[in-house]
Amino acid sequence: LILGFLLGYPVAIFGIFFSFFIGAVVGLIYIKIRQKTMKDTLPFAPFLIFSAFFSILYGANLVQWYLGSFMFGGL
């Protein structure tokens, strides 16, 4: 909820998606190097914090690029 208020509508969705993506990548790396198994848990807050900072810096530009490039057919 706070992430949505901080970032605004389209950038907040990017931030949440990005946190899930980064969490999945880190989880797969932990599984690959055999430090964690599928039954272990990872805290989600560090990924939310990282994605919030990333979204503040680059989120608006990435959302604008994505909507302009893929959604409406322009490059």
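Arg 34 sits out in the open: at 76% relative accessibility it counts as exposed, because the bar for that label is over 50%. Keep in mind that this is a predicted model. Arg 34 belongs to the loop between helix 2 and helix 3, and those two helices also turn up around the largest pocket, where each gives two or more residues to the lining. Here's the rundown, starting with that loop.

**The loop between helix 2 and helix 3**

- Arg 34 isn't a glycine, yet its phi is positive, at about 60°.
- In chain order, Arg 34 comes after helix 2.
- Ile 33 is in the loop between helix 2 and helix 3 too.
- Is Ile 33 buried or exposed? Ile 33 has a relative accessible area of 51%, so it lands on the exposed side of the 50% cut-off.
- Ile 33 and Phe 20 are 13 residues apart along the chain, and 20 Å separates their C-alpha atoms.

**Helix 2**

- Helix 2 covers residues 9-32, which gives it 24 residues.
- From first C-alpha to last, helix 2 reaches 35 Å, close to the 34 Å expected at 1.5 Å a residue.
- Which residues of helix 2 are buried? They are Val 11, Ala 12, Phe 14, Gly 15, Phe 18, Ser 19, Ile 22, Gly 23 and Gly 27.
- One of those buried residues, Gly 15, has its C-alpha 9.0 Å from the C-alpha of Phe 50, although the two are 35 residues apart along the chain.

**Helix 3 and its aromatics**

- Helix 3 runs over residues 45-71, and Phe 50 is found in it.
- Phe 50 has a relative accessible area of 45%, so it's called partly exposed, the class between 20% and 50%.
- Phe 54 and Tyr 58 are in helix 3 as well, four residues apart, or about one turn of the helix.
- Phe 54 is partly exposed at 23% relative accessible area, and Tyr 58 is partly exposed at 44%.

**Ring contacts**

- How many aromatic pairs does the structure hold? There are seven.
- One of them joins Phe 54 and Tyr 58, with 5.2 Å from centre to centre and 55° between the planes. That angle makes the pair tilted, because it falls between the 30 degree limit for stacked and the 60 degree limit for edge-to-face.
- Ring pairs also tie Phe 14, Phe 18, Phe 50, Phe 54 and Tyr 58 into a cluster. Two of these, Phe 14 and Phe 18, are among the buried residues of helix 2.
- Apart from the ring pairs, there's a lysine to look at: Lys 36 lies over the face of Tyr 30, at 6.0 Å from the ring centre.

**The largest pocket**

- The largest pocket has a volume of about 280 Å³.
- Eleven residues line the largest pocket, and the closest to its centre are Pro 10, Phe 14, Leu 62, Val 63 and Tyr 66.
- Helix 2 and helix 3 are the elements that each give two or more residues to this lining.
- Which element gives the largest share of the lining? That's helix 3, with six residues.
- What kinds of residues make up the lining? The count is eleven nonpolar, no polar and no charged.
- Phe 14 links several of these topics: it's buried in helix 2, it's part of the ring cluster, and it's one of the residues closest to the pocket centre.

Definitions and conventions: Residues numbered from 1 in each chain as written. Predicted model: local features only at pLDDT ≥ 70, side-chain atom pairs only at ≥ 80, totals over all residues. Heavy atoms only, no water. 1 Å grid on protein atoms, 1.4 Å probe; cavity = no way out; pocket = protein on both sides within 12 Å on 5 of 7 lines; lining within 4 Å. Points joined across faces, edges and corners; volume = space filled by probe spheres on them. Nonpolar A, V, L, I, M, F, W, Y, C, P; charged D, E, K, R; others polar. Expected span 1.5 Å × (residues − 1). Buried < 20%, exposed > 50% of the residue type's maximum accessible area, 1.4 Å probe, protein only. Phe/Tyr/Trp six-rings, centres within 6.5 Å; stacked < 30°, edge-to-face > 60°. Lys NZ or Arg CZ within 6 Å of the ring centre and 35° of its normal.
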